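User: Please take a close look at one part of this model, namely its strand pairing and the side chains that pack around it. I should like the geometric criteria stated wherever a term depends on them.

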Amino acid sequence: MKQPHLVFLLAFVPAFAQGQTLDWLRQMYLSVPSNGIFISTALAVDDQGHAAVIGTNGNLDQAYPGLGNLAWHVYASDGQSIDSTVFPAKAGASDMVAYDGSFFIVGQYLDSLHFPGHPLLSTVGQIESIGHFICRMEADGTVTWVKDATGLGLGTLAALAVGPGGTLYVASVDQQNTLVARLAPDGTLLDTWPMTGVGRISDI
């Protein structure tokens with residue numbers, strides 16, 4: 001079922017102690033699973049006020065209704081559209097953060113995922129048909145780099161945070177272990193921190 005998905009930013013006005021003003025409101029159409037779960041949509045705002053949204057739009061899989069084409073939308077601080085790109089896929093986004101004008105995304109895909117200019121990610125030969133990825137995307141929709149979780153020795157990528165210098169912190173879980181992985185800004189794995197006795201991490 002296709003429903004409108006709304007993106008907006010609120011700005012606080014110092015002159016009004018209790019007041020808020022709505023700077024702008026933009027309506028986008030993304031494919032929303034009929035059960036209303038938004039597990040495949042993420043939003044982040046960079047230091048320049050660019051608001052980026054990534055989510056599914058069409059080509060939804062019947063068995064995995066949260067996965068479909070990846071739709072990328074970016075808006076300037078005044079609400080004007082900067083970029084709108086659709087990547088043919090059966091994928092979704094779990095989390096996204098902004099740093100130094102770029103956006104870092106973790107998500108999942110069914111069977112395979114291909115971003116222009118980068119190698120194909122694939123679950124062929126693996127037990128699970130769902131794979132997980134992390135990528136760096138620019139405001140114009142250019143993918144600077146993309147990594148497959150298995151290539152990093154990681155399992156499900158559930159959450160993402162960014163620290164000083166652009167160091168990435170990724171929550172990962174497999175059948176037995178939960179850990180936080182630390183990645184360099186270019187996606188290189190630095191180290192991992194096992195989280196003994198901790199269940200699935202949904203935020204970081």
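Analyst: The account below goes from the strand hairpins to the aromatic pairs, the nonpolar cores, the open sheet and one acidic side chain.

The model is predicted, with local features requiring pLDDT of at least 70 and side-chain atom pairs counting only at pLDDT 80 or more, while totals for chains, interfaces and linings use all residues. Residues are numbered from 1 along each chain as its sequence is written, and side-chain values use heavy atoms, with hydrogens and water left out.

Strands are DSSP runs of E with at least two residues, numbered from the N terminus, and two of them pair if DSSP finds at least two bridges between them. Strand β5 (residues 68–75) runs antiparallel to strand β6 (residues 81–99), and seven bridges join them. Within this pairing, L70 stands opposite F87 in β6. The two strands form a hairpin with five residues between them, and G79 in the turn has a positive phi of about 90 degrees. On to the next strand, β6 pairs with β7 (residues 102–110) over eight bridges, again in the antiparallel sense. M96 faces I105 of β7 there. The hairpin of β6 and β7 has two residues between the strands, and D100 takes a positive phi near 50 degrees.

Aromatic pairs come next. A pair of aromatic rings is described by the distance of the centres and the angle of the planes. Rings of Phe, Tyr and Trp (its six-membered ring) pair if their centres lie within 6.5 Å; planes under 30 degrees apart count as stacked, over 60 as edge-to-face and the rest as tilted. The structure holds five such pairs. In one of them, the ring centres of W72 and F103 are 5.6 Å apart and the planes stand at 75 degrees, so the pair is edge-to-face. W72 lies in strand β5 and F103 in strand β7, so this pair links distant parts of the chain, 31 residues apart. Buried means under 20% relative accessible area, exposed over 50% and partly exposed in between, with a 1.4 Å probe and protein chains only. W72 has 0% relative accessibility and counts as buried; F103 is likewise buried, at 0%.

Y169 and W193 form a tilted pair, with 5.8 Å from centre to centre and 55 degrees between the planes. Y169 lies in strand β13 (residues 168–173) and W193 in strand β15 (residues 189–194), so the pair ties together parts that are 24 residues apart in sequence. Y169 is partly exposed at 22% relative accessibility, and W193 is partly exposed at 39%. Ring pairs also link F87, F115 and F133 into a cluster.

A nonpolar core is a set of buried Ala, Val, Leu, Ile, Met, Phe, Trp, Tyr and Cys residues joined through side-chain atoms within 4.5 Å. The largest one has 24 residues, of which I54, W72, M96, I105, F115, F133 and M137 touch the most other members. Elements giving two or more residues to this core include β5, β6 and β7, together with β10 (130–138) and β11 (143–148). The largest share of the core, five residues, comes from β6. A second, separate core of 15 residues includes V97, I134, L152 and L168.

The open sheet has four strands in the order β12-β13-β14-β15, with antiparallel pairing. β12 and β15 stand at the edges with a single partner strand each, so one side of each is left without a neighbour in the sheet. The twist averages 25 degrees from one strand to the next (axes are lines fitted to C-alpha atoms, and angles run from 0 to 180 degrees between N-to-C directions). Six bridges join β12 (residues 156–162) to β13, where A161 has Y169 as its bridge partner and T156 has V173. In this hairpin, with five residues between the strands, G165 takes a positive phi near 75 degrees. β13 also pairs with β14 (residues 178–183) over six bridges, and A171 stands opposite V180 in β14. Five of the six residues of β13 are buried, so this strand is largely enclosed by the rest of the structure.

D95, the acidic side chain, belongs to strand β6 and counts as buried at 17% relative accessibility. Leaving aside neighbours within four places in sequence, D95 is in contact (heavy atoms within 4.5 Å) with residues including A42, I105, A158 and L160. A polar atom of the D95 side chain lies 2.9 Å from the backbone nitrogen of L160. The C-alpha atoms of D95 and A161 are 8.8 Å apart, although the two residues are 66 residues apart in sequence.

Technical notes:
A polar contact is a pair of N or O atoms within 3.5 Å; within protein, one must be able to donate a hydrogen and the other to accept it, and residues adjacent in sequence count only if both atoms are side-chain atoms.
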